[in-house]
Amino acid sequence: MPVAKPVSSDGRVIAHIDMDCFYVQVEQRRQPELRGLPTAVVQYNSWKGGGLIAVSYEARKHGVKRSMRGDEAKEVCPQIRLVQVPVARGKADLNSYREAGSEVVSILARAGRCERASIDEVYLDLTDAAETMLAETPPESLEVIDDEALKSHILGLKHEDGSDMKENVKEWLCRSDADHRDKLLACGVLIVADLRMQVLQETQFTCSAGISHNKMLSKLASAMNKPAQQTVVPCLSVQGLLESLPIKKMKQLGGKLGSSLQSELGVNFVGDLLRFSEQKLQEYYGINTGTWLWNIARGISGEEVEGRLLPKSHGSGKTFPGPRALKMLPSVQHWLNELCEELSERLHIDLDQNRRIARTLSLHASAYMSSDSDSHKKFPSKSCPLRYGTIKIQEDAMNLFQAGLREYLGPFKVKMQGNKKSGWGITGLSVSASKISDIPSGTSSIMKYFQGQDQLCSPSKLAKDKLELENPCSFSEDESNSTLNVIEHMKLPEEEATIKNESSDLVSTEYKTSRNSLEVPFYSAMPSLEKADFSQETPLSFSGRESHLEPKLTELRSKVSGEESTFESGRPASEQQVKRNSLRDKGTPSLLRFFRRVDPSCSLQNEVLTQSFDNTNICSSSGPLLFFPQKTAFLFMGIA
């Protein structure tokens with residue numbers, strides 16, 4: 001649900017730049033003979049000529065729409081030129097469009113804080129540039145104003161019959177009696193017009209723009225006059241814009257919230273919200289969303305322009321419409337592998353070029369069940385910590401899909417192998433990487449950062465030991481200790497995997513604990529550990545003063561070995577068996593030895609161990625959960 005944000009000032013100058021039919025423009029630059037002709041970019045497949053993803057304005061005049069298929073477009077406009085999107089790994093390759101978008105962003109970022117919202121749209125905060133222009137060269141002092149700026153559409157500016165539109169715009173821009181906010185907008189008009197001309201000259205691309213005091217209004221305005229034009233929304237024109245704006249046209253109101261406003265409150269236009277008090281809207285939709293609705297009805301938005309030139313996530317997806325729906329797990333696995341390979345490639349490019357690391361892997365899918373009454377049920381999205389490496393991403397994505405499919409189908413309802421009786425089909429798949437952050441600038445090289453570290457304080461070993469301790473079901477024994485995995489896991493000690501490792505036949509595998517970490521008896525003896533007396537604050541350190549606790553630890557080790565024997569055989573162990581177990585486990589690090597080997601000088605390991613035992617639940621498939629209170633954790637570590 002939308003949340004209201006504090007409004008910093010209504011004196012800001014925000015622009016939204018939207019490229020005109022961007023994919024078509026990229027293809028026209030590559031093939032100049034297409035300029036001026038009805039053209040569409042199509043993601044080709046064998047079903048009805050593929051789907052149109054971009055339509056030129058020349059083709060739109062003939063009735064061609066983006067919702068059409070290639071064959072339909074040819075029926076409506078026989079002379080249309082269909083250009084196929086480049087293909088890689090059996091799906092559309094959008095890299096050429098992303099690179100073209102980056103060209104535009106690099107030009108726009110010269111003027112102020114720039115936020116890349118998608119491949120073909122950008123937000124700009126031009127407040128500082130407008131303030132500087134207003135102080136040094138205000139519009140009213142200019143003798144000549146660029147013709148592109150004079151073509152601007154200013155909402156609320158009336159043009160009398162026979163009057164010159166450009167003269168009216170010039171008069172509005174150069175008003176000496178205008179308030180400060182409108183003067184700033186006038187400066188924004190001049191700045192944006194100049195930026196759009198720079199984009200055209202350097203890239204051959206045209207773009208449209210909206211200029212106002214916040215992101216919400218600017219985005220609405222940029223779509224009002226296209227192509228290659230700009231629209232301004234002064235404060236006095238806000239109500240006129242919103243009162244007749246359909247509620248579904250407003251960002252974040254195109255889905256369930258917008259439908260609820262229509263059905264429950266009879267709100268069909270944004271201006272209709274003015275009939276309700278803020279308290280009334282809060283009663284219906286909660287405090288935050290109610291306040292947000294009250295604000296947008298008045299054109300108020302506190303959303304800031306984020307200084308971001310790079311995308312905040314990476315994604316790869318493909319649709320499987322009609323008869324092309326995926327109905328077998330092997331076919332799902334095939335396409336997930338293709339999508340993950342592309343995602344992995346983009347992640348590594350981002351890492352090499354921008355020194356950024358993504359933290360979360362997410363899977364989204366659309367599906368149907370032909371033989372179930374819950375066919376409208378939405379396929380659940382799933383996420384887990386991201387592990388770098390194509391194979392790892394492929395494995396995790398398949399596990400996420402299997403978990404989502406199990407939840408989607410419900411227990412024991414339908415077989416998941418995809419046979420004729422199952423009745424499920426996947427019509428869309430996508431994987432994405434998010435929570436991207438920069439690598440610390442002080443790190444000259446990722447590999448050098450970890451080279452020379454003491455083996456005892458190896459970040460890879462610490463990260464793996466910590467994760468096994470938190471959730472031993474989440475990672476396999478033979479997981480690679482790649483440097484990228486280390487960075488990811490160390491940066492996110494608080495994140496837990498959303499799902500557990502699952503086999504391809506959807507049966508959970510039993511975790512086998514490595515003897516290089518805490519041994520099996522530690523987990524299997526949880527009932528005994530729960531009964532152990534840890535209430536006394538017996539001092540323990542790493543300098544040999546642990547003798548006060550040694551009797552209790554000896555007793556504890558005996559109980560651990562005995563419980564393991566009982567767990568394995570199902571009957572009480574004899575004293576001889578306990579001794580044999582003790583001798584057998586000699587040399588295996590005990591809980592005390594595990595902490596003894598910590599180097600007090602290794603702050604990184606101390607941090608990891610402290611986080612591991614501070615209010616952490618340790619899961620076990622063979623016993624109840626064990627809780628280590630904070631005092632007990634410090635007692636074990638010798639710092640009580």
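What does the protein chain average in pLDDT, and how many of the residues, in %, score at least 70? The chain averages 75, and 65% of the residues score at least 70. Keep in mind as you click around that this is a predicted model.

**Stop 1: the low-confidence stretches**

Start by selecting residues 563-573, where pLDDT stays under 50. The model has 19 contacts beyond four places in sequence for this stretch. Next, select residues 583-640, where pLDDT again stays under 50. For residues 583-640 the model has 118 contacts beyond four places in sequence.

**Stop 2: helix H7**

Now go to helix H7, residues 165-173, and show the side chains of Asn168, Val169, Trp172 and Leu173, which are its buried residues. Turn the view until you look straight down the axis of H7: the buried residues fall within an arc of 135°, so they line one face of the helix.

What do the buried residues of H7 pack against? Add helix H6 (147-150), strand S9 (153-154) and helix H8 (180-203) to your selection, and you have the partners.

Before leaving, pick Asp164, which caps the N-terminal end of H7. One of its side-chain oxygens lies 3.1 Å from the backbone nitrogen of Lys166.

**Stop 3: aromatic rings**

How many aromatic pairs does a search of the whole structure find? The search turns up six. Select Phe22 and Phe205 to see an edge-to-face pair, with 5.3 Å from centre to centre and 80° between the planes. This pair links distant parts of the chain, with the two positions 183 residues apart. Phe22 belongs to helix H1 (residues 22-30), while Phe205 sits in the loop between H8 and strand S10 (207-212). Are these two rings buried or exposed? Both Phe22 and Phe205 are buried.

Tyr284 and Tyr285 make a tilted aromatic pair, 6.1 Å centre to centre with 35° between the planes. Try a surface view here: Tyr284 has 38% relative accessibility, so it counts as partly exposed. Tyr285 has a relative accessible area of 12%, so it counts as buried.

For one more ring stop, select Phe379, Phe401 and Tyr408 together, and you'll have one aromatic cluster on screen.

**Stop 4: charges over rings**

Bring up Lys215 and Tyr123. The charged end of Lys215 sits over the ring of Tyr123, 4.5 Å from the ring's centre. Then try Lys318 with Trp335, where the charged end of the lysine sits over the ring, 5.2 Å from its centre.

**Stop 5: backbone oddities**

Switch to a view that shows the backbone atoms and zoom in on Lys226 and Pro227. The peptide bond from Lys226 to Pro227 is cis, with omega near 0°. You'll find Pro227 in the loop between helix H9 (215-222) and strand S11 (230-232).

Which residue in the loop between H8 and S10 should you pick next? Go for Gln204. Its phi is positive, about 70°, although Gln204 is not a glycine. Gln204 has a relative accessible area of 44%, so it is partly exposed.

Finish at Lys435, in the loop between strand S16 (424-434) and strand S17 (437-438). Lys435 isn't a glycine either, yet it has a positive phi of about 55°.

Definitions and conventions
Residues numbered from 1 in each chain as written. Heavy atoms only, no water. pLDDT = per-residue confidence, 0-100. Contact = heavy atoms within 4.5 Å. Buried < 20%, exposed > 50% of the residue type's maximum accessible area, 1.4 Å probe, protein only. Helix = DSSP H or I, 4+ residues; strand = E, 2+ residues; numbered from the N terminus. Arc of directions from axis to C-beta. Polar contact = N/O pair within 3.5 Å; in protein donor to acceptor, adjacent residues only side chain to side chain. Phe/Tyr/Trp six-rings, centres within 6.5 Å; stacked < 30°, edge-to-face > 60°. Lys NZ or Arg CZ within 6 Å of the ring centre and 35° of its normal.
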